[in-house]
Amino acid sequence: MKKTKKLLFLIIAITFLSLYINLPNQIKLDFSLFGKVVNYQFNISHPTFSLAGLEIPTYYPLRRGLDLAGGSHLVFQAETKDFSVEEREKAAESLKENISRRVDMYGVSESIVQVSENKENLRLIVELPGIEETQEAIDLIGQTALLDFRRQIDEATPSAGFEPSGLTGADLKGAGVDFDPNTGQPEVTLQFTSQGKDKFAQITEEVSGQILAIFLDNIPLSFPRVQEPIRNGQAVIKGDFDLDQAKKLSAQLNAGVLPVSIKLVEQRTVEATLGNRAVKTSVRAGLIGLAAVAIFMIGYYGYWGFFAIASLLIYGLITFSLYRFIPVTLTLPGIAGFILSVGMAVDANILIFERLKEELAAGQAYAVARELAFGRAWDSIRDANVCTIIAVFILFNPFDWQFLPTAGMVRGFALTLGLGVLISLFTGIVVTRTLMRIFTKNK
Amino acid sequence: MNFIKYRWISFIVSGFFLIAAIVSLILFGLKPAIDFTGGSLLEVTLSKAVDSEKLYQTLSKESVALSQVQQTSQGSYIVRFMGGEENKKLILDKIAKDYDEVKMVRFESVGPTFGRELLRKAIAALILTVFGILAYVTWRFGNLEFGVFAVLAMIHDNLILLGSFALLGHFFGVSVDALFITAALTTLSASVHDTVITFDYVRKQSHHFSHQKNIEAVANKALNDTVVRNVNNSWTIIFMLTAVLLMGGETVKWFAAALLIGSILGTYSSTFLAVPLLVTWENIRRRREK
């Protein structure tokens with residue numbers, strides 16, 4: 001009994017914590033009831049705690065996928081069949097840096113650039129929230145990288161700008177990161193091709209002491225000053241950068257060395273109002289479905305049904321706070337997965353109640369029958385859920401196996417369904433059992 | 001109720017639906033969505049309602065390989081065509097010219113090779129799920145027969161689901177997309193979910209199923225013990241999915257329908273197919289041994 005009480009307190013604590021995490025920062029009540037106008041505004045504070053140097057926020061926004069929030073999902077592909085493994089990795093890194101840079105220029109907040117590579121090709125996933133006119137973005141992102149070196153038009157007046165020096169990415173063999181042996185500072189190394197070596201030697205002789213700027217896609221990348229003529233085709237850019245910055249610059253330079261042409265293979269654009277409507281209809285569908293389940297459970301199982309519904313509500317609260325906490329980006333199929341998992345979450349309780357009826361029919365006292373029902377139902381519940389987990393595992397494809405689907409929608413569905421199955425094991429068994437132990441007779 | 005004695009009824013019912021499903025699949029085939037074939041889908045809202053048939057005729061005058069124009073339950077229009085961005089512009093311009101105000105609300109475009117790849121991967125996922133579940137059920141019950149009949153019931157469910165989408169595709173223009181594959185895979189697991197619980201009851205009746213004298217009585221008791229649970233559980237899932245089907249938008253409507261059909265089939269096949277098949281097989285095996 002003591003253990004049961006402890007569990008009850010734990011469940012109450014988890015419930016209130018989940019409820020708190022799910023509350024918005026502001027709740028506005030604005031409606032009229034029997035001719036009276038009700039207009040209140042509650043502010044709910046979500047402070048950030050600091051514990052042992054760790055910042056612990058108590059507000060986690062619910063992330064909505066592009067199909068709900070509106071925006072464009074673009075997939076580009078580059079042929080890398082003829083590349084060596086090393087070249088492919090280099091190309092992937094450079095492409096990601098360069099595309100991120102172009103997307104940043106486009107000024108979209110919370111944009112995502114992801115790269116996935118396999119033997120045959122390299123794939124680049126770009127998510128642009130809020131962008132619906134995609135043609136411009138596609139053109140900007142899809143262009144082949146162009147790297148060139150430019151010299152100052154007039155040294156005395158820097159505002160005059162730069163002019164092409166004739167040296168381009170094609171003359172460059174590759175860039176890398178090294179450390180200054182004296183200071184330990186990271187620096188970016190440039191290695192030119194045998195052709196480029198001569199060109200570079202000539203240019204550095206001409207502009208010695210001046211700036212030789214490096215442009216990528218007509219946007220300046222770096223303004224190194226040439227200290228002395230360099231004849232061996234090996235240059236070093238020193239500067240006040242940390243390792244990450246040096247790596248980024250080197251990757252961007254390599255984007256110009258290995259210009260990979262990419263083409264658009266998939267595009268999904270959703271306008272924000274369509275997404276908002278989808279959220280509203282899904283929420284309504286979920287609530288009506290839930291009400292139907294509640295009526296059915298209470299109608300069929302009497303007051304036992306209340307315990308099932310209580311644990312189902314706790315299930316919903318925990319699930320949504322985990323969506324916020326992990327965070328899980330919610331998509332339309334993801335919501336469908338959640339709604340399906342609600343249906344499946346009740347399953348454990350139906351199984352237990354049916355067992356309980358059997359035990360009671362066999363003449364057991366209620367308290368004994370209750371404990372037996374929970375114990376015996378567990379085996380079936382576990383076996384059945386393992387099968388769902390197998391399917392979820394294959395759909396979610398956590399190890400990114402290339403022979404299985406990797407589509408975002410499919411994964412979104414698998415993630416919410418899988419989380420649902422795991423949480424429902426806890427709420428369907430532990431929560432329902434604790435509630436029934438406390439609130440039903442023990443004889 | 002004596003499920004086992006009247007099992008021939010369910011065999012006839014299943015046989016009928018299986019044949020109907022296979023015939024529809026052969027006659028009509030599935031209608032693959034752009035996810036698999038490549039192509040584009042454009043959803044627009046117009047200021048004034050027009051007949052989708054008329055819209056199709058207007059647009060087919062343009063040099064675009066148009067495949068379908070549909071009006072959604074929300075009153076927007078879905079235009080499916082081959083090609084990508086260039087054709088989208090052509091279509092939007094044409095609609096704007098003929099019907100004034102037009103607003104794009106959704107645009108999806110998939111390259112052809114990308115689509116074929118997804119199809120290959122989806123089939124790999126289906127096969128892997130079948131073998132994963134076969135292995136798990138066989139291991140849990142320590143008996144290959146349980147695994148095989150759980151999988152047979154599962155394949156039965158999926159074939160009828162595919163068949164019903166062949167019919168839906170032929171008569172209502174419903175196409176099969178990446179989400180449908182997800183629904184099919186979920187059907188596999190939901191089907192086996194109920195089967196495993198029913199098998200569990202069969203096993204609990206006797207730990208040595210294959211040595212039991214009266215397997216028909218054992219199996220029948222298990223079915224009677226689980227049928228209420230299986231049906232009740234189905235109800236809860238049916239409530240949730242019907243709500244999504246009726247109210248969810250165009251994107252998830254048929255996904256919910258596929259899940260719904262799959263769930264109902266899964267419940268049916270566990271009680272009326274998997275266990276009766278197991279009993280029939282045991283009877284045949286024993287007769288041979290004699």
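How many bridges join strand β15 of chain A to β4(B), and do the two run parallel or antiparallel? Before I answer, a word on what we are looking at: this is a predicted model, in which local features need pLDDT of at least 70, side-chain atom pairs count only at pLDDT 80 or more, and totals for chains, interfaces and linings use all residues. Residues are numbered from 1 along each chain as its sequence is written, while chains are lettered from A and ligands numbered from 1 in the order in which they are written.

The answer is 5 bridges, between β15 (residues 262-270) of chain A and β4(B), and the strands run antiparallel; strands are DSSP runs of E with at least two residues, helices are runs of H or I with at least four, both numbered from the N terminus, and two strands pair if DSSP finds at least two bridges between them. Within this pairing, Q267(A) stands opposite S109(B) of β4(B).

Turning to the wider interface, 54 residues of chain B are in contact with 56 residues of chain A, where contact means that the C-beta atoms, placed from the backbone, lie within 7 Å. On the chain B side, the elements giving two or more residues are β4 (102-110), α5 (112-141), α7 (178-205), α8 (215-247) and α9 (250-289), and of these α8(B) gives the most, with 14 residues. By class, that side divides into 32 nonpolar, 14 polar and 8 charged residues, where Ala, Val, Leu, Ile, Met, Phe, Trp, Tyr, Cys and Pro count as nonpolar, Asp, Glu, Lys and Arg as charged, and the others, Gly among them, as polar.

Definitions and conventions. Contact = placed C-beta atoms within 7 Å.
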